[in-house]
Amino acid sequence: MTTDTEPLYPWQEAQFRHLTKLCVDNRLPHALLLSGPTHVGKAHFTQHLVQYLLCRTPADLACGSCDTCLLVKAGTHPDNRQIGLVDSKQIKVEQIRDIRDWESQTANQGGRKVCVIKPAETMNHQAANALLKSLEEPSPGTILILITHQAARLLPTIRSRCHRVDFHLPPAKEAGTWLRARHELQMDAETLLEMAGGSPLKVINEIDETFLKNRQTLAQAMLPLARGTGSPLQLATQFAKENAVQLLEIFYNLIADSLQHSLTDYKLPIKNKDLYDILKEYGELASLEQRFTLLDSITQALGYLASTANANPQMLLERVLSQTALEV
Ligand SMILES: [Zn+2]
């Protein structure tokens, strides 16, 4: 873990109070499942929780200054394990077996031991089965924290043995207020939040100048691509050094917005409202069927990028862009 001095986000304070209350009452379950969409701040929450669980003098929060707090902040606390993806898209059984060995040892600092598994849904079948043993026969004083944004992909037997805590995006108004108070924004907070699917953390972490520039380039290319006068190859080459997942997500949202327009007769709000004119014109050119097919292709490309280390992002992007050309 890296040093993290940012306070708890206001939209996760209730979950923190719930868990610290269980802790104070000596009722904290030995396994927690922190579940919720991406970009909601689960890892940030976990950093605070781990620090609290290991702190020597916790109050409402960890003290932040005792020796164990400092070790957690530095990512070097011997009683805190972090299990994640290492050169693979799966958490492997060896990683889980290591936890079993570690669980059986006495805590170095004489307190609890805390192990974080993230993203928990990437445990392969063997790893998940190995973890079940830890869940069925917990070691006293050890807390397992599983983090996931796809709880449905976990074995039901794992889900049922964990105390689940759900995380949600903050209401739009609260998110906007928080953003405006803390960050200099490049556009109005509402538009940025719509682009980020409602997540203020995604606005901060992803919607930077490059994102906005790429979104603009993709939007400007939609009409020429549809008419067959733009070159998918040239555009994909231009994007060669950019983040393909982000580009595909931007493109998905542009196409989805144009569908939203067409299907609701312009009545429902869209994510890219500043690009209204382009999206409207595109919607008049492309049929519903063509756009739904395009969304399927983007979803497939994203799935491929997520599941295979060998995917060729530029080729996938070019293939999607070339499908934007309308058949005449
Ligand atoms: Zn402390």
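**Notebook: strand S4, its surroundings and the zinc site**

I began with strand S4, where Thr 142, Leu 144, Leu 146 and Thr 148 point to one side, Ile 143, Ile 145 and Ile 147 point to the other, and all are buried. I note at the outset that the model is predicted. In a regular strand the side chains alternate between the two faces of the sheet. The count for S4, residues 142–148, agrees with the listing by side: seven of its seven residues are buried, and the strand is mostly covered.

**Entry: partners of S4**

I next looked up the strands paired with S4. Strand S1, residues 31–35, is joined to S4 by five bridges, and the two run parallel. Within this pairing I located Leu 34, which stands opposite Ile 147 in S4. Strand S3, residues 113–117, is likewise parallel to S4 and joined to it by five bridges. Here Ile 117 is the residue opposite Leu 146 in S4.

I then followed the chain from S3 to S4. Helix H5, residues 125–136, forms a β-α-β unit with S3 and S4, and the unit is right-handed.

**Entry: Thr 46**

Which residues does Thr 46 contact, leaving aside its neighbours within four places in sequence? I found Leu 34, Val 116, Ile 145 and Ile 147. Thr 46 itself lies in helix H2. Its relative accessible area is 1%, so I recorded Thr 46 as buried. Two of these contacts recall the previous entry, since Leu 34 and Ile 147 stand opposite each other.

**Entry: the zinc ion**

I looked up the donors of the zinc ion and found four SG atoms, those of Cys 55, Cys 63, Cys 66 and Cys 69, at 2.3 to 2.4 Å. What is the arrangement of the four donor atoms around the zinc ion? It is tetrahedral, because the angles they subtend are 104 to 118°. The ideal angle for four tetrahedral donors is 109.5 degrees. I wrote the sequence spacing of the donor residues as C-x7-C-x2-C-x2-C. Cys 55 and Cys 66 both lie in the loop between helix H2 (42–54) and helix H3 (67–74), so this pair ties together parts that are 11 residues apart in sequence.

I also checked the accessibility of these two donors. Cys 55 has 8% relative accessibility and therefore counts as buried. Cys 66 has 12%, which is under the 20% cut-off, so Cys 66 counts as buried too.

**Entry: backbone geometry**

I searched for backbone exceptions. Most residues other than glycine have a negative phi, and most peptide bonds are trans. Which residues are joined by a cis peptide bond? They are Lys 118 and Pro 119, with omega about -5°. I placed Pro 119 in the loop between S3 and H5, and these two elements belong to the right-handed unit recorded above.

His 39 is not a glycine, yet it has a positive phi of about 60°. I found His 39 in the loop between S1 and H2. With a relative accessible area of 28%, His 39 is partly exposed.

Asp 87, also not a glycine, has a positive phi of about 50°. This residue sits in the loop between strand S2 (80–83) and helix H4 (93–104). Is Asp 87 buried or exposed? I recorded Asp 87 as exposed, because its relative accessible area is 81%.

**Entry: domains**

I consulted the domain assignment of the protein chain, which gives domain 1 as 10–166 and domain 2 as 208–322. The C-alpha centres of domain 1 and domain 2 are 38 Å apart.

**Entry: Gly 198**

I located Gly 198 in the loop between helix H8 (189–195) and helix H9 (200–206). Its relative accessibility is 22%, so Gly 198 counts as partly exposed. Not counting residues up to four places away in sequence, Gly 198 touches Leu 169, Ala 175 and Leu 193. For Leu 169 I also noted the separation: Gly 198 and Leu 169 are 29 residues apart in sequence, and their C-alpha atoms are 6.8 Å apart in space.

**Entry: Gln 246**

My last residue was Gln 246, in helix H12, residues 244–264. Gln 246 has a relative accessible area of 13% and is therefore buried. With residues up to four places away in sequence not counted, Gln 246 touches Glu 206 and Phe 211.

Note on methods. Residues numbered from 1 in each chain as written. Predicted model: local features only at pLDDT ≥ 70, side-chain atom pairs only at ≥ 80, totals over all residues. Heavy atoms only, no water. Donors = N, O, S within 2.8 Å, 3.2 Å for Na, K, Ca; no water. Tetrahedral: all angles 85-135°; square planar, octahedral: opposite > 155°, others 65-115°. Helix = DSSP H or I, 4+ residues; strand = E, 2+ residues; numbered from the N terminus. Buried < 20%, exposed > 50% of the residue type's maximum accessible area, 1.4 Å probe, protein only. Domains from an automatic or database assignment. Contact = heavy atoms within 4.5 Å. Pairing = 2+ DSSP bridges. Right-handed = clockwise from strand over helix to strand, strands pointing away.
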